Amino acid sequence: MSSFTIFGGRALRGDAVCQGSKNSSLPILAASILSGGEIILENIPRLSDVDATLKILNYLGCKTKRENGAVVIDPSGISASDIPENLMREMRSSVIFLGAVLARTGRVELFSPGGCEIGLRPIDLHLEAIKKLGAEIIDAEGKIVCTAPEGLTGAVISLSFPSVGATENVMIASCLAHGRTEIRNAAREPEISDLADFLNAMGAKVSGAGESTVVIEGVKRLHSATHSVIPDRIAGATLLAAGAITGGVVRVNGLIPAHLAPVIDIFEQAGNEIEIKSDSVLLRAPKRLKSVKTVRTMPYPGFPTDIQPPIAAMLCKAEGTSVMIETIFESRYKYIGELIRFGAKVRVDGRMAVIDGAEKLYPANAVTPDLRGGAALVLAALSAAGESTITEIKHIDRGYENLERTLSAFSAEIKRTD
């Protein structure tokens, strides 16, 4: 079991480079199987979720390797159309392979992804959308089989919720469909635009990504491509929050600042001074953070649910009372009980968390409940003067590449023990 030992209480200072986006990498890796030639993907982070995705690609028959800092994929040898349950359990978002495998082979067999640490991840939206493209679906005893032996056919698909995963699955599946597909109420996250850029680099015809309506004109085949994944806006915001909670001055390089707009607004409301350049954000924390009246998670361009836990940790040091309202995941607050171990004063009522800022946080031993909740605990430990231990950091490794090394660039005292 791996853990972090953190000696906190010092103001973080320095520069760090943001990793590539996890939430872009996974669907782009899945979509690579549509190509008729070699795919080269740059800026793919080294994460356990990425490793799990590569295992699925290898199982399907792809050849994958890391070379010169890039991931190289040869999908020419694809021979399987099923994804075993053990591989799906390694990565909950593996349902993103639904549209890709179906479009490539005319059939896909997978298991329902079920829930995860932060709540259920139903795939009804995915299945209904794929069905509208002409797939036949059998769902029995947790196993889902989709077939389209004659290929998929374009359709108008109106999503009841702007689901990122469902939007991605339809975009990928419809690239090789017959005719035109229109996705209404599509997700607008930057990762959607990044996926569209990759698909278009392979020869797809995708337009409107980043807006509420995405249009895909089906083509007969896709080809080799090279693509660089966008920076991880959640990881970048987490690093800025580390500077804020410790009263430091930190700069995160390699960002696209526009992607962080709703988070930067909260940083500024909390009294942080923000300096934005073309590819970096500098944060100067005040002597004492200020409370924020209400933070409500929303689909992009609203405040992202994935950064809610680190920002909640930051507000635990703010003067006054802040309110956090979670609208996306029903179990996002599982980390709060562990955060209270550090002296945080937080009350949870359903989807609302009321945070009474404390002047100090104190060292503690805490257990990571999930990916983003684990990041919140690391931030609390960095703020608390003394030695803290964070265990079960395998969850953190799903989304943060060598977090201890990145934080060390800010002169944080953090050590990994395996």
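**Sheets, helices and the cut-offs behind them**

Mentor: Let's open with helix α12 (residues 371-383), which lies across β1, β23, β24 (386-391) and β25 and runs at about 30 degrees to β1.

Trainee: What makes "lies across" and that angle well defined?

Mentor: Contact means heavy atoms within 4.5 Å. Axes are lines fitted to C-alpha atoms, for helices over the stretch in contact, and angles run from 0 to 180 degrees between N-to-C directions. Keep in mind that this is a predicted model: local features need pLDDT of at least 70, and side-chain atom pairs count only at pLDDT 80 or more, while totals for chains, interfaces and linings use all residues. Residues are numbered from 1 along each chain as its sequence is written, and side-chain values use heavy atoms, with hydrogens and water left out.

Trainee: How do you know what to call a helix or a strand?

Mentor: Both are DSSP runs numbered from the N terminus: H or I over at least four residues for a helix, E over at least two for a strand. The protein chain comes to 13 helices and 25 strands that way.

Trainee: What makes β1 and β25 a pair?

Mentor: Two strands pair if DSSP finds at least two bridges between them. Strand β1 (residues 3-8) and β25 have five, in the antiparallel sense, so they pass. One bridge puts Thr 5 opposite its partner Lys 415 in β25.

Trainee: And which strands make up the sheet around them, and in what order?

Mentor: It's an open, mixed sheet of four strands, ordered β23-β24-β1-β25. The edges are β23 (365-367) and β25 (413-417), each pairing on one side only. Neighbouring strands there are turned by 20 degrees against each other on average, direction ignored.

Trainee: Why are α1 and α7 called roughly parallel?

Mentor: The axes of helix α1 (residues 22-31) and helix α7 (residues 190-201) come within 9 Å and cross at roughly 30 degrees. Angles under 35 degrees count as roughly parallel, over 145 as roughly antiparallel, 65 to 115 as roughly perpendicular, and the rest as oblique. Therefore α1 and α7 are roughly parallel to each other.

Trainee: Left-handed or right-handed crossing?

Mentor: Right-handed for α1 and α7: the near helix is turned clockwise from the far one by less than a right angle, whereas anticlockwise would be left-handed. Asn 23, Ser 24, Pro 27, Ile 28 and Ala 31 of α1 meet Glu 191, Asp 194, Leu 195, Phe 198 and Leu 199 of α7.

Trainee: How many residues of each class are in that contact?

Mentor: Six nonpolar, two polar and two charged. Ala, Val, Leu, Ile, Met, Phe, Trp, Tyr, Cys and Pro count as nonpolar, Asp, Glu, Lys and Arg as charged, and the others, Gly among them, as polar.

Trainee: What else does α7 touch?

Mentor: α7 lies across β3 (39-42) and β15, at about 160 degrees to β15. Those two belong to another open, mixed sheet, β4-β5-β3-β15, with β4 (63-67) and β15 (225-228) at the edges. Five bridges join β4 to strand β5 (residues 70-74), antiparallel.

Trainee: Last one: why is the protein chain called as compact as a globular protein of its length?

Mentor: The radius of gyration, taken over C-alpha atoms, goes up against the globule rule: 2.2 Å times the number of residues to the power 0.38. The rule gives 22 Å for 418 residues and the protein chain has 21 Å, which is close, so it is as compact as a globular protein of that length. Its C-alpha trace spans about 65 × 45 × 40 Å along the principal axes.
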